[in-house]
Amino acid sequence: KVKQSGKNNYMFFDTKMLEKLKGKVEIASALREALKTEGFKLLYQPQIRVKTGELVGFEALLRLKDQKISPDLFIPVAEETGLIIEIGKWVTKEVINQIAVWKEKGLKLKPIAINFSAKQLNDEKYLEFLEEALKEKSVNPAYIEIEITEGILLERTESTIAFLNQLKGIGVKIALDDFGTGYSSLSYLTFIPVNKIKLDKSLNDKFLEIENIKVMDSLISLVHSLGLEVIAEGIEEEEQYKRLKIGGCDYIQGYLFSKPLAIEEIEKIYNHNFLEKIN
Ligand code: C2E
Ligand code: MG
Ligand code: MG
Ligand code: MG
């Protein structure tokens with residue numbers, strides 16, 4: 001962006017801005033290249049049922065195959081440039097293909113969550129695309145979960161809710177990601193059509209402190225009283241797991257049980273009980 005300065009509307013770039021811009025331009029071209037050359041891949045992070053330790057599903061996490069740029073850097077650029085639309089379709093197709101492969105192999109199917117950016121909600125063609133892709137591979141929509149963040153609701157609230165209702169209408173599940181960061185508001189939970197709340201790592205890092213435990217327990221009860229499920233993400237410590245179990249949290253995702261894995265590794269742990277890892 002060009003910064004305007006002073007009364008003369010004198011425009012300038014300082015060196016930092018220039019560096020940043022150069023960085024973005026490079027990332028954008030890496031993304032365009034990756035779209036053309038199959039340069040993306042997905043990792044899958046296990047989600048575990050707290051009570052039993054069983055693997056219940058996955059979150060698909062996007063990577064550039066050469067791994068040089070992390071999602072925290074390239075996702076914002078993909079959003080700004082609009083490339084997220086095409087990238088998001090690639091992710092959707094890849095996830096549906098994966099479920100079809102597991103089906104073919106006779107494995108008991110487990111849902112995969114896909115991260116969704118605000119821009120993707122403005123894409124009216126996405127729903128049609130998704131339905132078509134599911135039909136083509138005969139995959140049940142119930143095995144797809146779409147993760148949205150509250151940021152999505154800051155604009156276009158009515159059409160956003162309509163879009164989410166359509167998604168839900170075709171049988172796809174919806175999860176509210178990064179809950180507990182920034183402008184989290186409990187009132188959202190009463191009007192956005194979601195099935196599951198994902199408690200953000202920043203919240204989970206703090207809840208063991210005495211005053212916060214009560215907040216965590218009440219939050220979990222509140223989510224349950226609205227008929228929704230709750231998953232805690234970024235769980236690294238056994239202590240957190242134990243306390244969340246007492247609080248009645250449904251699912252856990254985090255390094256304690258598993259990092260995001262390549263597909264070959266996923267198939268090895270598909271029927272794993274993750275409690276063995278910590279006992
Ligand atoms: P997110 O959706 O909140 O995903 C969780 C992030 O936390 C992932 O980072 C995951 O690798 C990391 N994580 C999981 N467990 C732990 C843990 O125990 N400790 C720590 N320190 N980290 C943990 P990742 O893969 O780098 O992705 C970052 C963000 O990029 C995601 O945050 C999501 O917002 C976005 N993203 C990733 N893939 C996609 C995609 O396909 N589409 C869109 N639109 N966004 C994506
Ligand atoms: Mg997510
Ligand atoms: Mg998250
Ligand atoms: Mg995030």
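## Charged residues and the magnesium site

Lys 198 has a relative accessible area of 0% and therefore counts as buried (under 20% relative accessible area; exposed is over 50% and partly exposed lies in between, with a 1.4 Å probe and protein chains only). The model is predicted: local features need pLDDT of at least 70, side-chain atom pairs count only at pLDDT 80 or more, and totals for chains, interfaces and linings use all residues. Residues are numbered from 1 along each chain as its sequence is written, chains are lettered from A and ligands numbered from 1 in the order in which they are written, and side-chain values use heavy atoms, without hydrogens and water.

The structure holds eleven salt bridges, each defined as a side-chain nitrogen of Lys or Arg within 4 Å of a carboxyl oxygen of Asp or Glu. Three of them are listed here.

| Pair | Closest N to O |
|---|---|
| Lys 198 and Glu 147 | 2.7 Å |
| Glu 233 and Lys 198 | 3.6 Å |
| Glu 238 and Lys 242 | 3.3 Å |

The bridge between Lys 198 and Glu 147 joins strand 8 (residues 196-199) to strand 6 (residues 144-149), across 51 residues. Glu 147 is buried because its relative accessibility is 1%. Glu 233, like Lys 198, is buried. Strands here are DSSP runs of E with at least two residues, and helices are runs of H or I with at least four, both numbered from the N terminus. A network of salt bridges links Glu 59, Glu 147, Lys 198 and Glu 233.

Glu 238 and Lys 242 are about one helical turn apart, because four residues separate them in helix 10 (residues 238-247). Glu 238 is partly exposed at 29% relative accessible area, and Lys 242 is partly exposed at 42%.

Two members of the network, Glu 59 and Glu 147, also serve the metal site. The magnesium ion (ligand 2) is coordinated at 2.0 to 2.2 Å by Glu 59 (OE), Asn 115 (OD1), Glu 147 (OE) and Asp 177 (OD). Donors are N, O and S atoms within 2.8 Å of the metal (3.2 Å for Na, K and Ca); water is not among the atoms, so sites may look incomplete. The donor residues follow the spacing E-x55-N-x31-E-x29-D in sequence. Asp 177 bridges this ion and the magnesium ion (ligand 3), the two lying 4.0 Å apart. Glu 59 is buried, at 4% relative accessibility, whereas Asn 115 is partly exposed, at 31%.
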